[in-house]
Every structure is written in C-alpha cells, then in structure tokens.
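I opened this notebook to record, entry by entry, what I looked up in one structure. My plan was to begin with a single residue and to work outward from there.

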Amino acid sequence: MTRSVNRGCSLEELERDRWPALSGGETRLMATVWQLRRKPVGDLTVEDLRLMIGQSEGLTHLLPLAVDILRADPLAEGDLYEGDLLAAVLSRNAEVWRAIPELGREVRSIVSELVDVPSILEPRIREFLAR
C-alpha cells in the first residue's frame, strides 16, 4: 500500500519550503523544476513526474504517485521513451528505498512481472533488483 499524498497541494506546500523567485539566470531545467514545485502534485503529468523524480525533487511525495501510475502502466511514457518514468524511479539511490521500503517492494513487484522489457530498461532493472 502506498502512502497517501494530498494531491491538491504543491510540493512547496507539502514540504513547507518555498523557493525564492527566479533570478533569470537559471537553466531551463531548473526553471521548470521551480514551476513544477508550485503545481498541485495531483496535476503533474507523467513527464512532470519523470523530470522531478529524475532531479530527486520531492521523492517522498512524488514516488507514491509514480508507483500508482506504474502499477497501472509499468511502461508509462513521458517525453523521452517508453518506460522513462520507470527508469527515473529505478535510478533513485538505495538510500531512498531504505527510507520507504514499502514502495521499494511495490516497484520490485512491478518490475518482476514485466514480460517485454525495453532494452534501455534492462540494466536499470537488474541493478534495482540486485540491491
């Protein structure tokens, strides 16, 4: 069972951490992360989740949402390739999974049931399962 997340709140609200206004010198990626931190987490798209999880932003709040998506569609796709959300989730470090072991077990179950795995995911799945 995944943790309950208030989908109507933004990461800024959930974490009680409001980032300062953009200065204009940020990279496009960091400006996007800044914007997504202000969006209600329930409104985040697969691509938004892929990007934020890939940047290790708000993992305690966003990984449960990603696992919900992956449970229904393990190869959910953002803007990169089939399974890119799963790739972002699998590539989080072992420390994250020690902090939220129930989600790690769910991800392990999801990947162990995959039949046709895109080749780009195979090494990430092997590494995740080896932990």
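**Entry 1: R37.** I first listed the neighbours of R37. Leaving aside residues up to four places away in sequence, R37 touches S10, L11, E12, E15, D17, W19, M52 and E57. I noted that the model is a predicted one. R37 itself lies in helix α2. Is R37 buried or exposed? Its relative accessible area is 1%, and because buried means under 20%, R37 counts as buried. I then looked for a polar partner and found E57: the side chains of R37 and E57 make a polar contact at 3.3 Å.

**Entry 2: D48.** Next I turned to D48, which is found in helix α3. Its relative accessibility is 12%, so D48 counts as buried. Which side chain is joined to that of D48 by a polar contact? I found that it is the side chain of K39, at 2.9 Å. The contacts of D48, again without residues up to four places away in sequence, are L36, K39 and D43.

**Entry 3: the largest nonpolar core.** I then looked up the largest nonpolar core, which has 36 residues. Within this core, I53, L62, L63, L85, V89, W97 and V107 touch the most other members. I also listed the elements that give two or more residues to the core: α2 (28-37), α3 (46-54), α4 (59-72), α5 (84-90), α6 (94-99), α7 (101-112) and α8 (122-130). Which element gives the most? I recorded α4, with seven residues.

**Entry 4: helix α4.** That result led me to examine α4 itself. This helix has 14 residues, and from its first C-alpha to its last it reaches 20 Å, close to the 20 Å expected at 1.5 Å a residue. I wrote down its buried residues as L59, H61, L62, L63, P64, L65, A66, V67 and L70. What covers them? The cover includes α1 (11-15), α3, α5, α6 and α7.

**Entry 5: two residues of α4.** I chose L62 for a closer look. Not counting residues up to four places away in sequence, L62 touches L11, V41, L44, L49, M52, I53 and E57. I recalled that E57 is also the polar partner of R37.

My second choice was L59, which lies in helix α4. L59 has a relative accessibility of 12% and so counts as buried. With the residues up to four places away in sequence set aside, L59 touches I53, P64, R92 and V96. I checked one of these partners further: L59 and R92 are 33 residues apart in sequence, and their C-alpha atoms are 9.1 Å apart in space.

**Entry 6: aromatic rings.** Finally, I asked how many aromatic pairs there are. The count comes to one. The pair is formed by W97 and F128, with ring centres 5.5 Å apart; their planes stand at 85°, so the pair is edge-to-face. The two residues belong to distant parts of the chain, W97 in helix α6 and F128 in helix α8, 31 residues apart. I looked up the burial of each: W97 has a relative accessibility of 8% and counts as buried, and F128, at 3%, counts as buried also. I noted that W97 had already appeared in Entry 3, among the core residues that touch the most other members.

Definitions and conventions
Residues numbered from 1 in each chain as written. Predicted model: local features only at pLDDT ≥ 70, side-chain atom pairs only at ≥ 80, totals over all residues. Heavy atoms only, no water. Core = buried A, V, L, I, M, F, W, Y, C linked by side-chain atoms within 4.5 Å. Buried < 20%, exposed > 50% of the residue type's maximum accessible area, 1.4 Å probe, protein only. Helix = DSSP H or I, 4+ residues; strand = E, 2+ residues; numbered from the N terminus. Contact = heavy atoms within 4.5 Å. Expected span 1.5 Å × (residues − 1). Polar contact = N/O pair within 3.5 Å; in protein donor to acceptor, adjacent residues only side chain to side chain. Phe/Tyr/Trp six-rings, centres within 6.5 Å; stacked < 30°, edge-to-face > 60°.
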